[in-house]
Amino acid sequence: MKRGSNDQSIFEALKEWLASHPKKQRFDQSLIEKVWREQMGPTIDRQTEYVRFNNGVVKLKIRSSALKQELHMGKEKIVRILKEALPEVNIQEVQIF
């Protein structure tokens with residue numbers, strides 16, 4: 001069977017469907033949580049109380065005040081890491097609490 005010129009790959013079709021799906025925000029949050037754990041390592045992950053994502057803002061609740069201060073100084077780097085790992089997710093800002 002020959003594909004027509006308007007056919008999409010399964011990946012493209014799923015990506016299009018997910019972009020319009022009401023649960024996309026939850027899916028994006030789970031991706032961000034996974035990347036956070038992988039990129040920051042187990043020590044920082046243990047000090048992270050939660051990771052939330054809403055309207056382009058990643059909110060991080062950190063238990064350790066010293067770590068919180070250190071991460072606060074590196075917010076731009078955190079945004080860059082998340083954007084590089086998840087280019088399809090609209091990450092605009094990181095807030096650390």
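Which residues does aspartate 28 touch, not counting residues up to four places away in sequence? The first view answers this. All views show a predicted model.

**View 1. Aspartate 28 in helix α2.** Helix α2 spans residues 24-47 and holds aspartate 28. Beyond residues up to four places away in sequence, aspartate 28 touches Phe53 and Val89. Its side chain also makes a polar contact with the side chain of lysine 24, at 2.8 Å. Aspartate 28 counts as buried because its relative accessibility is 5%, and buried means under 20%.

**View 2. The largest pocket, with Asp28 and Lys24 in its lining.** The space in this pocket is about 220 Å³. Phe11, Leu14, Lys15, Leu18 and Ala19 line the pocket, along with Lys24, Phe27, Asp28, Leu31 and Glu88. Two elements, α1 (10-19) and α2, each give two or more residues to this lining. The most comes from α1, with five residues. Sorted by class, the lining has six nonpolar and four charged residues, and no polar ones.

**View 3. Helix α1 and its N-terminal cap.** Serine 9 caps the N-terminal end of α1. The cap places a side-chain oxygen of serine 9 at 3.1 Å from the backbone nitrogen of glutamate 12. Helix α1 is hardly covered. Among its 10 residues, the count of buried residues is zero. Yet α1 gives the most to the lining of the largest pocket.

**View 4. The two sides of helix α4.** Helix α4 covers residues 75-85, and its Ile78, Val79 and Leu82 are buried. Seen down the axis of α4, these buried residues fall within an arc of 100°, so they line one face of the helix. An α-helix has 3.6 residues a turn, so residues three or four places apart point the same way. On the other side of α4, Glu76, Lys77 and Glu84 are exposed. The cover over the buried residues of α4 includes two helices, α2 and α3 (65-73). It also includes two strands, β2 (57-62) and β3 (93-96).

**View 5. Threonine 48 in strand β1.** Threonine 48 lies in strand β1. Its relative accessible area is 9%, so threonine 48 is buried. The side chain of threonine 48 makes a polar contact with the side chain of tryptophan 36, at 3.0 Å. That same side chain reaches the backbone oxygen of isoleucine 44 at 2.8 Å. Neighbours within four places in sequence aside, threonine 48 is in contact with Trp36, Lys61, Ile62 and Arg63.

**View 6. Asparagine 55 in the loop between β1 and β2.** Strand β1 covers residues 48-54, and asparagine 55 lies in the loop between it and β2. Phi of asparagine 55 is near 50°, a positive value in a residue other than glycine. Most residues other than glycine have a negative phi. Asparagine 55 has a relative accessible area of 61%, so it is exposed.

**View 7. Serine 30 and valine 51.** Serine 30 lies in helix α2. Its relative accessibility is 35%, so serine 30 counts as partly exposed. Along the chain, serine 30 and valine 51 are 21 residues apart. Their C-alpha atoms are separated by 9.1 Å.

Definitions and conventions. Residues numbered from 1 in each chain as written. Predicted model: local features only at pLDDT ≥ 70, side-chain atom pairs only at ≥ 80, totals over all residues. Heavy atoms only, no water. Helix = DSSP H or I, 4+ residues; strand = E, 2+ residues; numbered from the N terminus. Buried < 20%, exposed > 50% of the residue type's maximum accessible area, 1.4 Å probe, protein only. Polar contact = N/O pair within 3.5 Å; in protein donor to acceptor, adjacent residues only side chain to side chain. Contact = heavy atoms within 4.5 Å. Arc of directions from axis to C-beta. 1 Å grid on protein atoms, 1.4 Å probe; cavity = no way out; pocket = protein on both sides within 12 Å on 5 of 7 lines; lining within 4 Å. Points joined across faces, edges and corners; volume = space filled by probe spheres on them. Nonpolar A, V, L, I, M, F, W, Y, C, P; charged D, E, K, R; others polar.
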